[in-house]
Amino acid sequence: MLVVMDRYTDPPTDEQRWMLRDALYRAGRDLALELAPEQAPLAEPLTTAAPDEQARSALALLHALTLARAELEWLRAQAARAAGATGEVTYADIGAAAGITRQSARTRWPGAVADPRPGRPPLPPTTTD
């Protein structure tokens, strides 16, 4: 079995955290701009827009980031299942990478890791795909 590396439990640096926030902001902004109706495009840049346009743009960004959160959860599930499908990791490994306990990983992604006990069938995958 794979030994969990410290990089999964070490927090990101401030620079890494800001890089991630910037990438997520840009993705959310791009989606918000894409979803905006043609008859009411969003202001760009937000800092020079009128307050009502800034509010509309901020709400559109919030909506886009909320959509992104659901997609991130789907991607997390896919990554957990892909790791488990290798046969090289345990729920403890998946939990450590996700920042949760082994038990929480098993509950969140049942069937991601085959049961190592002989004679026991693996749990069926969840249907949240």
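## Contacts of W109

Contact here means heavy atoms within 4.5 Å. The model is predicted. In it, W109 touches R76, A77, A80, Y91, I94, A98 and I100, leaving aside its neighbours within four places in sequence. Among these partners, A77, A80, Y91 and I94 belong with W109 to the largest nonpolar core. R76 is also a salt-bridge residue, paired with E73.

## The nonpolar cores

The largest nonpolar core has 9 residues in all. They are A77, A80, V89, Y91, I94, A105, W109, A112 and V113. Two elements give two or more residues to this core: α2 (51–85) and α3 (91–98). Apart from it lies another core, of 5 residues. A32, L42, A60 and A64 are among them. In soluble globular proteins, nonpolar side chains tend to be buried together.

Three residues of that other core, A32, A60 and A64, also appear where α1 meets α2.

## V113 in the largest core

V113 sits in the segment after α4 (102–108). Is V113 buried or exposed? Its relative accessibility is 13%, so V113 counts as buried. The cut-off for buried is under 20%.

Leaving aside neighbours within four places in sequence, V113 is in contact with G84, V89, T90, Y91 and I94. V89, Y91 and I94 are fellow members of the largest core. V113 and V89 are 24 residues apart in sequence. In space, their C-alpha atoms are 7.4 Å apart. Y91 and I94 are contacts of W109 and of V113.

## How α1 and α2 pack

α1 and α2 pack with their axes 8 Å apart. The angle between them is about 110°. The two helices are therefore roughly perpendicular to each other, since angles of 65 to 115 degrees fall in that class. Their crossing is right-handed.

Which residues meet at this packing? From α1 come L24, Y25, G28, R29, L31, A32 and L35. From α2 come A60, L61, H63, A64, L65 and L67. R29 has a second role, as it forms a salt bridge with D30.

## Salt bridges

How many salt bridges does the structure hold? There are 4. Side chains of opposite charge can pair when their charged atoms come close. Three of the bridges are described here, including one in α2.

R26 pairs with D22, the closest N and O atoms being 2.9 Å apart. Both lie in helix α1 (residues 14–35). R26 and D22 are 4 residues apart, so about one helical turn separates them. R26 is partly exposed, at 44% relative accessible area. D22 is partly exposed too, at 37%.

R29 forms a salt bridge with D30. Here the closest N and O atoms are 3.2 Å apart. R29 has a relative accessible area of 22% and is partly exposed. D30 counts as partly exposed at 42%.

R76 and E73 form a bridge in helix α2. Their closest N and O atoms are 3.1 Å apart. R76 and E73 are 3 residues apart in the helix, so the separation is about one helical turn. R76 is partly exposed at 26% relative accessibility, and E73 is partly exposed at 37%. R76 links two parts of this account, being a contact of W109 and the partner of E73.

Methods: Residues numbered from 1 in each chain as written. Predicted model: local features only at pLDDT ≥ 70, side-chain atom pairs only at ≥ 80, totals over all residues. Heavy atoms only, no water. Core = buried A, V, L, I, M, F, W, Y, C linked by side-chain atoms within 4.5 Å. Buried < 20%, exposed > 50% of the residue type's maximum accessible area, 1.4 Å probe, protein only. Salt bridge = Lys/Arg side-chain N within 4 Å of Asp/Glu carboxyl O. Axes fitted to C-alpha atoms, helices over the stretch in contact; angles between N-to-C directions. Parallel < 35°, antiparallel > 145°, perpendicular 65-115°, else oblique. Left-handed = near helix turned anticlockwise from the far one by under 90°.
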